[in-house]
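Reader: I'm a first-year student, and I'd like a close look at just one part of this protein: the place where its two domains meet. Could you take me through it slowly, with the charged residues in mind?

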Amino acid sequence: MQPLNSFEYPEELKPAFEKAKRLEWITIFYLISAAALMFFTMGNSQAMKTAWFEDALSLTPSISFLIASRVFHKKPNKDFPYGYHRVVSIAYLCSSLALFAVGAFLIIDSSMTLIKQEHPTIGIAVIFGHEIWLGYVMMAALVYGSVPPVILGHMKLPLAKQLHEKNLFTDAEMNKADWMTGLAAILGIAGIGLGFWWADAVAALIISLDIIKDGFTNLKQAVFDLMDEQPKTVEEQKKDPLLDKIDALLKKQDWVKEHVFRMREEGHVYLGEAYVVPTSDEDLVENLNQLGEEVEDLSWRIEEFVIMPVREIPETTGEK
């Protein structure tokens, strides 16, 4: 069997892909600076420690995206006849796991703080000869760690849909977690300043529920993708409408008596096959070739679609 020949984005999507890579590089440099700033200002604040940990883990989606982007376009070979596109799914799994870990850490750490009734204290810092409540410094660091992610995440979302990049979408979700965690930490620090010792942990606990929900949803989908579940949309993770288009195209063939097909995701592209029961053997090869080309022309995401003529449909799962 010959390996697949082309495994690249179509020409019109390459600018969007290059823009996504630039955004990821910007995200990495920004997150490193934000994490460093929080590390030197965190003091005893639980929310600040959580925000720092969250920023450190936030590097995972960006790094995994850039690593995958250097691998997936390699040409198929004898050892990897399907190419290297599944590295995108592996990167998606890493990013989802990081997002889930952030939510889990927030819940456990905040709950332990409330159970132990730890009373965090925020001291005074001397800056240029003036005594300043360290909480103000923390809040300034958190604003720096919260505003840019909103912009970066907003810029990544349309690219993720355009490129069918679930890893990039998870990164945008992680950016959302960044600003939510930062906002919670600011409220927590303000609460400590007003004498509410528990405000710090409660704020982090509330925010963690949304983060762990997104993390679990994406982690589950990443595992299902590796198990060859039928293709799902990037944003809503529902059955891709493209499957209905393929089914409709197969149904309208007057030379096809019966059919069944199945698709799976390989990173951002789809591979699939169909079994068809032809009404006759006349012009069968030409009909098979033409139908295969028509299916692959439905979308750039359909990398390969193999059609096999059979006397009767085999007992297999798939779209009928």
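**Where the two domains meet**

Author: Let's warm up with Asp244, which has a relative accessible area of 44% and so counts as partly exposed. Its partner is Lys239: the two side chains meet in a salt bridge, with N and O 3.2 Å apart. Lys239 is partly exposed too, at 30%. Keep in mind as we go that this is a predicted model. The idea behind such pairs is simple: side chains of opposite charge can pair when their charged atoms come close. A search of the whole structure turns up 15 salt bridges, and a few of them matter for your question.

Now the domains themselves. Domain 1 runs over residues 11-227, while domain 2 covers 238-309. Their C-alpha centres are 40 Å apart. Where they touch, 13 residues of domain 1 are in contact with 11 residues of domain 2.

How much area is buried between domain 1 and domain 2? The size of an interface is often given as the accessible area lost when the parts come together. Here that comes to about 1,000 Å², with carbon and sulfur atoms giving 53% of it. On the domain 1 side, Tyr82, His85 and His164 supply 50% of the area buried against domain 2, which is more than any other three residues give.

His164 is worth a short stop. You'll find it in the loop between helix 6 and helix 7 (166-193). With a relative accessibility of 4%, His164 counts as buried, because the cut-off is under 20%. Its backbone has a twist to notice as well: phi of His164 is near 50°, a positive value in a residue that isn't glycine. For background, most residues other than glycine have a negative phi.

Next, the polar side of the story. Between the two domains there are 6 residue pairs in polar contact, counting those with both residues at pLDDT 80 or more. Which elements give two or more residues to the side of domain 1 that touches domain 2? They are helix 4 (86-116) and helix 6 (147-163). Helix 4 has the largest share, with 3 residues. Sorted by character, this side of domain 1 has 5 nonpolar, 4 polar and 4 charged residues.

As for salt bridges, 2 of them are found across the interface of domain 1 and domain 2. Have a look at Arg86 and Glu266, whose side chains meet in a salt bridge at 3.2 Å, N to O. Arg86 sits in helix 4 and Glu266 in strand 3 (residues 256-266), so this pair ties together parts that are 180 residues apart in sequence. Is Glu266 buried or exposed? Glu266 counts as buried, because its relative accessibility is 7%. Arg86, at 24%, is partly exposed.

Arg86 has another partner as well: Asp228, in a salt bridge with an N to O distance of 2.7 Å. This pair links distant parts of the chain too, since Asp228 is in the loop between helix 8 and helix 9 (242-251) while Arg86 is in helix 4, 142 residues away. Asp228 is partly exposed, at 36% relative accessibility. Like His164, Asp228 isn't a glycine, yet it has a positive phi of about 65°. Put these partners together and you get a network of salt bridges linking Arg86, Asp228, Arg264 and Glu266.

Two more residues help to fill in the surroundings. One is Gln221, which belongs to helix 8 (residues 199-226). Gln221 is buried, because its relative accessibility is 3%. Beyond its neighbours within four places in sequence, Gln221 is in contact with Tyr92, Lys166, Glu229, Lys232 and Gln237.

The other is Glu273, in strand 4 (residues 269-278). At 17% relative accessibility, Glu273 counts as buried. Its side chain makes a polar contact with the side chain of Arg262, at 2.6 Å. Leaving out residues up to four places away in sequence, Glu273 touches several others, including Arg264, and that brings us back to the network, where Arg264 is one of the linked residues.

Key: Residues are numbered from 1 along each chain as its sequence is written. This is a predicted model: local features need pLDDT of at least 70, side-chain atom pairs count only at pLDDT 80 or more; totals for chains, interfaces and linings use all residues. Side-chain values use heavy atoms; hydrogens and water are left out. Domain bounds come from an automatic or database domain assignment. Contact means heavy atoms within 4.5 Å. Buried area is the accessible area (1.4 Å probe) that two parts lose on being put together, summed over both. A salt bridge is a side-chain nitrogen of Lys or Arg within 4 Å of a carboxyl oxygen of Asp or Glu. A polar contact is a pair of N or O atoms within 3.5 Å; within protein, one must be able to donate a hydrogen and the other to accept it, and residues adjacent in sequence count only if both atoms are side-chain atoms. Helices (H or I, at least four residues) and strands (E, at least two) are DSSP runs, numbered from the N terminus. Ala, Val, Leu, Ile, Met, Phe, Trp, Tyr, Cys and Pro count as nonpolar, Asp, Glu, Lys and Arg as charged, and the others, Gly among them, as polar. Buried means under 20% relative accessible area, exposed over 50%, partly exposed in between (1.4 Å probe, protein chains only).
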